[in-house]
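This report describes one chain and the ligand bound to its model. Please have the sequence and the coordinates open while reading.

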Amino acid sequence: MDNPEIRQPGYAGLREDLWQPFQDWCRERGLETVSHIHEQILMSSGYGEIRQLPAAYVLKAMNAGNIGPYVEMTGKMVIPEGTQSLVQRLSEKARQVRLCQRVEDCRLLPGSGVRLITQQESAEYDRVIFTAGLEQLCGMEAVPEELKEIFSHIRYQQYAVYLFWTSQLPPTDGYLMENLVPGRQGHVMKWVCHKGEKGGGVVAVYVSPRAEEPPRQRLERIREDLKKVGMSVDGLAAWRTWRHFPHVDGDLLRRGCYRVIQENQGRHGLYYGGEFLNGADVESCIAWSRELSEVYF
Ligand SMILES: Cc1cc2nc3c(=O)[nH]c(=O)nc-3n(C[C@H](O)[C@H](O)[C@H](O)COP(=O)(O)OP(=O)(O)OC[C@H]3O[C@@H](n4cnc5c(N)ncnc54)[C@H](O)[C@@H]3O)c2cc1C
């Protein structure tokens with residue numbers, strides 16, 4: 001797997017053979033066994049069935065830095081003060097952090113700069129970095145048409161997390177390997193334990209939900225899966241389905257969509273970041289933010 005560029009931020013500089021489906025890429029190199037390991041790890045992390053995904057996405061997600069913690073279930077990071085502490089840290093550095101405002105439009109100002117419009121107010125900026133759900137930019141006036149065309153093709157996987165109270169926390173986190181193969185949507189893929197007091201706590205259970213399945217039915221199957229592995233859980237504390245892993249298909253990659261995005265970085269003072277640009281994990285997002293700030297700011 002001699003692709004050192006896979007560790008560089010972004011997809012624009014990758015070789016063309018990485019745009020083919022992962023399954024074909026592995027077969028050509030006699031790496032079918034390796035592909036099963038990739039499949040299990042990425043399925044459990046909400047990437048869906050990866051065989052038809054462009055190899056670039058799979059290999060980037062599995063770069064050396066990411067693989068260890070998934071396999072060994074180590075490196076769990078907890079933020080004891082809560083995620084709001086991250087915002088607090090940000091507000092110490094940045095001027096006037098605005099929360100709970102959804103950007104609905106971005107319009108060019110005469111000369112230079114842009115106006116961002118939310119439901120509550122509007123404000124002018126010299127430069128803006130978009131990181132959230134880039135498909136939203138398709139409706140924004142200032143965004144170049146060729147980028148809107150690309151962003152309109154972004155697709156996601158559904159990834160659901162269920163939190164159960166339990167008085168008997170399992171001894172370790174774990175995977176249900178029999179469900180980490182194609183065709184097992186809706187079944188428990190992995191669980192992660194969060195210790196509470198007196199031996200109990202909360203178990204987080206991860207599932208790729210079946211489309212359109214009623215929530216009760218979904219929950220029943222999850223409870224059955226947990227029962228089969230002898231896990232005893234009490235009430236459902238919370239659940240949520242997330243959109244995960246924004247990506248496009250191999251055709252668009254072959255047509256150079258990431259190169260086009262790069263060519264447009266900075267045009268009208270607009271920049272593009274977030275998980276679509278470098279991979280759907282926190283470290284990859286940070287790496288891309290670093291790259292953006294070093295190259296353009
Ligand atoms: C269930 C689940 C588990 C995961 N586990 C891990 C893990 O263990 N390790 C790991 O590294 N990664 C994990 N990931 C992936 C990781 O969370 C994402 O890749 C990463 O958070 C993406 O960062 P981002 O900045 O691109 O987007 P986000 O983190 O989604 O941030 C975007 C922000 O923009 C806001 N926003 C959206 N639209 C607008 C708008 N129009 N105007 C203003 N604000 C807007 C959103 O509310 C959000 O706060 C997980 C993802 C999921 C769904």
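A residue is called buried if 20 or more other C-beta atoms lie within 10 Å of its own, exposed if 12 or fewer do, and partly exposed in between, with C-beta atoms placed from the backbone. The model is predicted: local features need pLDDT of at least 70, side-chain atom pairs count only at pLDDT 80 or more, and totals for chains, interfaces and linings use all residues. Residues are numbered from 1 along each chain as its sequence is written. Helices (H or I, at least four residues) and strands (E, at least two) are DSSP runs numbered from the N terminus.

**Loop residues**

His-268 counts as partly exposed because 16 C-beta neighbours lie inside 10 Å. His-268 is in the loop between helix H9 (257-264) and strand E10 (270-272), and its phi is positive, about 60 degrees, although it is not a glycine. Gln-96 is another non-glycine residue with a positive phi, of about 50 degrees. The loop that holds Gln-96 runs between helix H5 (84-93) and strand E1 (103-108). Gln-96 counts as exposed because it has 6 C-beta neighbours inside 10 Å. Gln-120 lies in the loop between strand E2 (114-118) and strand E3 (122-125). With 9 other C-beta atoms within 10 Å, Gln-120 is exposed. From Gln-120 to Cys-100 the separation is 20 residues in sequence and 9.7 Å in space, C-alpha to C-alpha.

**Domains**

Domain bounds come from an automatic or database domain assignment. This assignment divides the chain into domain 1 (4-72), domain 2 (84-154 + 248-296) and domain 3 (157-245). Between domain 1 and domain 3, the C-alpha centres are 25 Å apart. Two residues are in contact if their C-beta atoms, placed from the backbone, lie within 7 Å. In this sense 8 residues of domain 1 are in contact with 12 residues of domain 3. The side of domain 1 that touches domain 3 has 2 nonpolar, 4 polar and 2 charged residues. In these classes, Ala, Val, Leu, Ile, Met, Phe, Trp, Tyr, Cys and Pro count as nonpolar, Asp, Glu, Lys and Arg as charged, and the others, Gly among them, as polar.

**The sheet**

Two strands pair if DSSP finds at least two bridges between them. Five strands form an open sheet in the order E6-E7-E8-E5-E9, with antiparallel pairing. Strand E6 (174-175) and E9 are at the edges, each with a single partner strand, so one side of each has no neighbour in the sheet. Three of the strand pairs are listed below.

| Strand pair | Sense | Bridges | Opposed residues |
|---|---|---|---|
| E5 and E9 | antiparallel | 9 bridges | Phe-164 and Leu-236 |
| E5 and E8 (201-207) | antiparallel | 7 bridges | Tyr-162 and Val-205 |
| E7 (188-195) and E8 | antiparallel | 7 bridges | Cys-193 and Val-203 |

Phe-164 also has a bridge partner in E8, namely Val-203. E7 and E8 form a hairpin with 5 residues between them, and Lys-198 in the turn has a positive phi of about 55 degrees.

**The nonpolar core**

A nonpolar core is a set of buried Ala, Val, Leu, Ile, Met, Phe, Trp, Tyr and Cys residues joined through C-beta atoms within 7 Å. The largest one has 58 residues, and those with the most contacts inside it are Ala-56, Val-58, Val-205 and Val-207. Helix H3 (residues 55-61) gives the most to this core, with 5 residues. Apart from neighbours within four places in sequence, Val-205 is in contact with Tyr-162, Phe-164, Val-188, Trp-191 and Ile-222.

**The ligand shell**

How many residues surround the ligand? The shell has 18 residues, and the closest are Ala-132, Trp-242, Gly-274, Asp-281 and Val-282. A residue is near a molecule if its C-beta atom, placed from the backbone, lies within 6 Å of it. Strand E5 (155-166), strand E9 (236-247) and helix H11 (282-296) are the elements that give two or more residues to the shell. H11 gives the most, with 3 residues. By class, the shell divides into 8 nonpolar, 6 polar and 4 charged residues. Domain 2 and domain 3 each supply at least three residues to the shell around the ligand.
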